[in-house]
Amino acid sequence: MQAFRKFIPLFDRVLVERVAAESVTKGGIMLPEKSQGKVLQATVVAVGPGARNKSGDIQPVSVKVGEKVLLPEYGGTKVNLDDKEYYLFRDGDILGKYVD
Amino acid sequence: MQAFRKFIPLFDRVLVERVAAESVTKGGIMLPEKSQGKVLQATVVAVGPGARNKSGDIQPVSVKVGEKVLLPEYGGTKVNLDDKEYYLFRDGDILGKYVD
Amino acid sequence: MQAFRKFIPLFDRVLVERVAAESVTKGGIMLPEKSQGKVLQATVVAVGPGARNKSGDIQPVSVKVGEKVLLPEYGGTKVNLDDKEYYLFRDGDILGKYVD
Amino acid sequence: MQAFRKFIPLFDRVLVERVAAESVTKGGIMLPEKSQGKVLQATVVAVGPGARNKSGDIQPVSVKVGEKVLLPEYGGTKVNLDDKEYYLFRDGDILGKYVD
Amino acid sequence: MQAFRKFIPLFDRVLVERVAAESVTKGGIMLPEKSQGKVLQATVVAVGPGARNKSGDIQPVSVKVGEKVLLPEYGGTKVNLDDKEYYLFRDGDILGKYVD
Amino acid sequence: MQAFRKFIPLFDRVLVERVAAESVTKGGIMLPEKSQGKVLQATVVAVGPGARNKSGDIQPVSVKVGEKVLLPEYGGTKVNLDDKEYYLFRDGDILGKYVD
Amino acid sequence: MQAFRKFIPLFDRVLVERVAAESVTKGGIMLPEKSQGKVLQATVVAVGPGARNKSGDIQPVSVKVGEKVLLPEYGGTKVNLDDKEYYLFRDGDILGKYVD
């Protein structure tokens, strides 16, 4: 978990780790990699302090570390930290979050 | 109905479920799928808290869960939740709503 | 008139019904459809509550239900309500109105 | 003059009537239509109430009915009222006015 | 000088007259028209009242009638007044002015 | 270190020096230049005073001299100072920073 | 130095004179013109009063006459004054300045 403590996104950026693609169907059949859809679910691993609004006040981001979020199909910046693949999204580009 | 409780759109996004296309005419004739127009009517199933305006205040979205809305022909983001197809629209892109 | 009571445009949208094209000249000669110009005059049938301005206040739309307006040649969104054809325009795109 | 009383432009739009092109030179020679330049001078026949500024206040237009104005070469919307040709321009697109 | 009294630019527009191109070098050699560079120096002959800023206050233009200014190479609108050629520029597009 | 004392970026610009690409793998094998990825990690060597926000107040940049930052893959302006290669980035384009 | 006293840039424009390209290497070898890089260092010779911000207040430019600045590779407007070549840049486009 060291990577998350070491890297802090700036402004309203959110660092996420995509959930591993399901390679087995509910029925137990293994899926070849091609059949696995693009993974749009991710876990928030680090958040920026938020961007400043027009009045100069910092607007905190709308997600928290540990939350499960839904990513847009396109966009985001791939970031390699400690040989692991993460993605940076602006807070406003994250579509929504999953709550229990 | 679990999907709606589990997913919360962020900012001014609205999650809708398109009304099933009418496959039978008023006169009772069955329509082949091609003849069925694109469905633009939808039911709101979840709404974001609203986006912040320039003053930093959150502006609640203009529709409520359960309301029937008219969607624009283009736009929106397809979202799969629990193997069901939903769409996310920004509040400002929804054309209008139906009231009784 | 049920359609107008049932559908409420959102924000600064205005629902209009185009005036029927004149198919007979002032002199009484019938015009083939091709010779009939594009109809730019319309009657307002429903209006949204208005959009919010930068200060967050709702700015009412500048036309009222029943008013005759002049539409721009392009733009607007065709909407079918109760098998009748209407058009949605943003308040700011309507060119002007006719008064007695 | 009925057309002017009947049609009211919305927002900061200005309805103008182009000055008739001069078809005779100062020396008295008739000009074929081709040699007549594009008419950029016009008379204001109706004005909108003005657009709202960011503070929500209505900003009256800068020209008055009856004033002679200089139009830009391109832009404007042709409008037919009572079988006569007029043009709508946004107040900010009118280049200047002629004063005595 | 009648043209200048008769025409008033609107908003932040500035009417200028380009300085005649020098057709003779300092050494006294006549230049063919091709060798004469594009004239970018001009004299201000009329100014608009200024545009309104976001607060709704009129911001006077930064040049005065009679001042010598440097024009950008491109832009501006050619205007014919009393058979003479002038140019309209927005105040913000004028590069600078010459002072004694 | 003289270069850093001599050059001051303007507004919200940040001068960075890219970390030298690793030419040896963790296992000790030397990498040919082609195999060395684009270096996106950099050290901040000078920062501007910050840009002014809409209210006219200067907004200090979000990184400090000496901090390790993550650069976007594209963008930035190459600057040569004292025969050494640096890069200028706007504060808002820097993706994040590394902390211990 | 008369040119600098005579020409005043408008708004946030800055007039600079590029430093002469070095045609001799540190080792004393003369460089052909091709080998001389594009000169990006310049001296400020005149500055505008500054542009107005949204509140209508004038924001002075961030450089002073006499300061050495670093120019971006592209942009700027060539200006000929007294047969000498200068460049106009917007204050915000100047990358940084050199201080002793």
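In chain F of this predicted model, Phe11(F) lies in the loop that joins strand 1 (7-9) to strand 2 (13-18). The backbone at Phe11(F) has a positive phi near 55°, although the residue is something other than glycine. As for its surroundings, Phe11(F) counts as partly exposed, with a relative accessibility of 21%; this value falls in the partly exposed class because buried is reserved for residues under 20%.

A positive phi is also found in chain D. There, Asp83(D), which is not a glycine, has a phi of about 60°. Asp83(D) is placed in the loop between strand 7 (77-81) and strand 8 (84-90) of chain D. Its relative accessible area is 68%, so Asp83(D) is exposed, the term applied to values over 50%.

The account now turns from loops to a sheet. Strands of chain E and a strand of chain G form an open sheet of 7 strands, with antiparallel pairing and the order 7(E)-8(E)-2(E)-3(E)-6(E)-9(E)-1(G). At the edges stand strand 7 (77-81) of chain E and strand 1 (7-9) of chain G. Each of these has a single partner strand, so one side of each is left without a neighbour in the sheet. From one strand to the next, the twist averages 40°.

Within this order, strand 6(E) is followed by strand 9(E). Strand 6 (residues 68-70) of chain E and strand 9 (residues 96-98) of chain E pair in the antiparallel sense, over 3 bridges. Where, in strand 9 of chain E, does Leu70(E) find its bridge partner? The partner is Gly96(E).

How values were computed: Residues numbered from 1 in each chain as written. Chains lettered and ligands numbered in written order. Predicted model: local features only at pLDDT ≥ 70, side-chain atom pairs only at ≥ 80, totals over all residues. Heavy atoms only, no water. Helix = DSSP H or I, 4+ residues; strand = E, 2+ residues; numbered from the N terminus. Buried < 20%, exposed > 50% of the residue type's maximum accessible area, 1.4 Å probe, protein only. Pairing = 2+ DSSP bridges. Axes fitted to C-alpha atoms, helices over the stretch in contact; angles between N-to-C directions.
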